[in-house]
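Work through the exercises below with the structure in view. Each task is followed by a solution in steps.

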Amino acid sequence: MIFQKLKPFALVGALVASPIFAADYVIDTQGAHASINFKINHLGVSYVTGRFNEFSGTYSYDSDRPEDTKLEVVINTASVDSNHAERDRHIRSSDFFDVRQYSDARFVSTSYEDLGDGKGVMSGQLTFLGQTQPVAIQVEKVGEGQDPWGGYRTGFVGTAELNLPDFGANFNLGPAAEKVYLDLVIEGIRQ
């Protein structure tokens, strides 16, 4: 009988002692407050730069427990934009991205290492050109707070380096063009 009376208190105590869960965010691509940019060496003398104009994603984040951060991003590979229409058509072709067969690239995080001072390493699996490989993104928190429209936002920047042959890419542009450097700007709206 005493146990039955104490049961509700035990449940409340368990809930209060539970860790606070990370908040869920949607990456603000609608407001153009996020970008995925790239550069790749061109003929060993310079770089071609560009971006992906269409992508979407979500993440979970709690500033008190950054190690619990999770992220998932899907990129429309046909949205590649190097500011040169003829080159972009070639990149979309079966010579490069083969967007008819591989219409998207997907990153799913597996862990986050908090390095302190707003910095960390987001590890995960990237599927690109039908191949899935581990990728590490160097992350830095830019800030967080209320926005003027009554929402709450967090923002991060990140960099990553992809070795194209790891994804089965055989573009034959020379050894200097086997690496793609990514610059990421991610701003999310708390849901």
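The exercises that follow deal with two loop residues and one strand residue.

This is a predicted model, in which local features need pLDDT of at least 70, side-chain atom pairs count only at pLDDT 80 or more, and totals for chains, interfaces and linings use all residues. Residues are numbered from 1 along each chain as its sequence is written, and side-chain values use heavy atoms, with hydrogens and water left out.

**Exercise 1.** Find where asparagine 83 lies and state the sign of its phi.

Solution. Start with the location: asparagine 83 sits in the loop between strand S6 (80-81) and helix H2 (85-92). Helices (H or I, at least four residues) and strands (E, at least two) are DSSP runs, numbered from the N terminus. Next, take the backbone angle: asparagine 83 is not a glycine, yet its phi is positive, about 65°. For background, most residues other than glycine have a negative phi.

**Exercise 2.** Is aspartate 117 buried or exposed?

Solution. The loop between strand S7 (104-116) and strand S8 (119-128) holds aspartate 117. Buried means under 20% relative accessible area, exposed over 50%, and partly exposed in between (1.4 Å probe, protein chains only). Aspartate 117 has 78% relative accessibility, so it counts as exposed.

**Exercise 3.** Which residues does valine 142 touch, not counting those up to four places away in sequence?

Solution. First, place valine 142 in strand S9 (residues 131-146). Contact means heavy atoms within 4.5 Å. With residues up to four places away in sequence not counted, valine 142 touches Gly155, Phe156 and Val157. Finally, the C-alpha atoms of valine 142 and threonine 154 are 7.7 Å apart, and the two residues are 12 apart in sequence.
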